[in-house]
Amino acid sequence: NRVYLLARRPKGMPLQEDFLLETRELRSIEDGEILIKTHYLSVDPYMRGRMNGVKTYVDPFELNEPLTGGVIGEVIESKNERFLIGDMIEGRLDWADYSLSSGKGIRKLENYREVSLTTALGITGMPGLTAYCGLMNIGKPQEGETIVISGAAGAVGSIVGQIAKLKGLKVVGIAGSDEKCRWLKEELGFDAALNYKEESFYQNLKIACPNGVDIYFDNVGGEVSDAVMRRINYKARIPLCGQISMYNAESTPIGPRVGGQLVTKSALMQGFIVSDYSSQFREASAQLISWVKEGKLTYKETVIEGLENAPKAFIGLFKGENIGKQLVKVI
Ligand code: NDP
């Protein structure tokens, strides 16, 4: 069984040498367990934090132990009565060809007859729930308002913008390439999409949001957020979903203090972890699946083939190589 281990804790941008692909013998399956063949791996920005060896809301990865992440797989042996051979499942499993599991935290993909299974790692899975729950609970979108989304062409951001469109908002996305901006405008129906790498970015933001910003859904932090924070309106809501621009930083850069802006605008900034809203998952996921079936939400996946290329896919997240959800196809 080929398994990816964390060989070294990355310093700054992760490198291929921080990962080690090892062949390990798979022990035999015990009572209550299932053996899963990996079909797809999800690579996610939060995994970078787990590589630092510091406990946050999830335990850190241990050195020379398997990396784990979202997996879609097939049950190929079962000693657990909940699962039959051939069941397709999703869960947090090893970056490996095969995983053994007690079945705890493993979800059977039974509602996926008319929607692609891979969406269980994207639009109908964790990123979709993050977008939906963060937007609805903290953003509280109202028809006619303006929302700005950073990391807008990624897995989470691209869904936030589409849901906001369905709710009747003016949607402005921020992303790192013209190709991504074109996708947001032409295929996802965003009202405007701005490339933050352009020198005129701040000017473009002002032009795109003549009435200011009512909701800022932040996936990236850093200078992009510094710019958007200058444009927020009275009673703005700012769901802090992620700060990817900082995940590889070795020291924390000091930007403008936003406290004054929050006070004078009576604005709300709130961080969240998707699991805060686990009691809403059943309803939210049913809503996302039906929107996808009805063609009201669309999505893109960037797929890299081969388990051996998982680190490349992961590192690519920090270089903006993905459009939509980044996946690794293992078989
Ligand atoms: P994405 O699919 O958005 O992939 C990451 C993207 O981030 C890249 O494609 C790149 O796009 C952008 N990016 C990378 N580095 C920078 C940078 N320095 N400055 C600006 N943009 C950058 O990932 P996800 O949708 O999975 O995650 C998006 C965010 O949401 C992350 O911060 C993640 O940690 C967070 N998250 C939070 C969750 C929660 O529970 N709170 C759950 C899931 C995700 P570009 O080309 O535009 O630069």
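Where along the chain is the place of Glu17? Select that residue to begin the tour: Glu17 sits in the loop between strand S1 (2-6) and strand S2 (19-23). The model in your viewer is predicted.

**Stop 1: Glu17 and its surroundings**

Show the side chain and look around. Glu17 counts as exposed because just 10 other C-beta atoms lie within 10 Å, and a residue with 12 or fewer falls in that class. Setting aside neighbours within four places in sequence, you will find Glu17 in contact with Ala7 and Arg8. Now draw a distance from Glu17 to Glu198: the C-alpha atoms are 33 Å apart in space, and the two residues are 181 apart in sequence.

**Stop 2: confidence**

Colour by pLDDT if your viewer allows it. The mean for the protein is 97, and 100% of its residues reach 70 or more. The model scores for ipTM and pTM are 0.99 and 0.97.

**Stop 3: the two domains**

Give residues 2-119 + 300-329 one colour and 126-275 another; these are domain 1 and domain 2 in the domain assignment. Their centres, taken over C-alpha atoms, are separated by 29 Å. Where the two meet, 14 residues of domain 1 are in contact with 16 residues of domain 2. On the domain 1 side, the touching residues are 5 nonpolar, 6 polar and 3 charged.

For another view, select 12-328. UniProt lists this range in an unreviewed entry as "domain: Enoyl reductase (ER)". The span is 26% helix and 25% strand, and its end C-alpha atoms lie 23 Å apart.

**Stop 4: around the ligand**

Next, centre on the ligand. Which residues of the 32 around the ligand come nearest? Label Gly154, Gly176, Gly242, Ser245 and Gly320 to see them. By class, the shell has 16 nonpolar, 14 polar and 2 charged residues. Keep your domain colours on, since domain 1 and domain 2 each provide at least three residues of this shell.

Now show the helices here. Helix H2 (126-139), helix H3 (155-166) and helix H6 (222-229) each supply at least two shell residues. H3 gives the most, with 3 residues.

**Stop 5: helix H6**

Stay with H6 and turn to its buried residues: Val224, Ser225, Ala227, Val228 and Met229. What do the buried residues of H6 pack against? Among the helices, show H5 (201-208) and H7 (259-264). Among the strands, show S8 (146-150), S9 (170-175), S11 (213-217) and S12 (232-240). A general point helps when reading a helix: with 3.6 residues a turn, an α-helix has residues three or four places apart pointing the same way.

**Stop 6: the loop between H2 and S8**

Move to Lys140, found in the loop between H2 and S8. Its phi is near 45°, a positive value in a residue other than glycine. Lys140 is partly exposed, with 13 other C-beta atoms within 10 Å.

Gln142 lies in the loop between H2 and S8 as well. Is Gln142 buried or exposed? Gln142 is exposed, because the count of other C-beta atoms within 10 Å is 12. Draw a distance to Gly168, 26 residues apart from Gln142 along the chain: the C-alpha atoms are separated by 7.4 Å.

**Stop 7: Asn64**

Asn64 has a positive phi too, about 60°, although it is not a glycine. Find Asn64 in the loop between helix H1 (47-50) and strand S4 (68-78). With 11 other C-beta atoms within 10 Å, Asn64 is exposed.

**Stop 8: strand S4**

Follow the chain into S4 and pick Ile76. Ile76 is partly exposed, with 14 other C-beta atoms within 10 Å. Not counting residues up to four places away in sequence, Ile76 touches Leu35, Lys37 and Ile85. For Lys37, the separation is 39 residues in sequence and 6.5 Å in space, C-alpha to C-alpha.

**Stop 9: helix H8**

Finish at Ala286, which lies in helix H8 (residues 281-293). Ala286 is exposed, with 12 other C-beta atoms within 10 Å. As a last distance, link Ala286 to Glu74: the two are 212 residues apart along the chain, and their C-alpha atoms are separated by 22 Å.

Notes. Residues numbered from 1 in each chain as written. Predicted model: local features only at pLDDT ≥ 70, side-chain atom pairs only at ≥ 80, totals over all residues. UniProt positions renumbered as here; feature names shortened; annotations may be inferred. Helix = DSSP H or I, 4+ residues; strand = E, 2+ residues; numbered from the N terminus. Near = placed C-beta within 6 Å. Nonpolar A, V, L, I, M, F, W, Y, C, P; charged D, E, K, R; others polar. Domains from an automatic or database assignment. Contact = placed C-beta atoms within 7 Å. pLDDT = per-residue confidence, 0-100. Buried ≥ 20, exposed ≤ 12 C-beta atoms within 10 Å, placed from the backbone.
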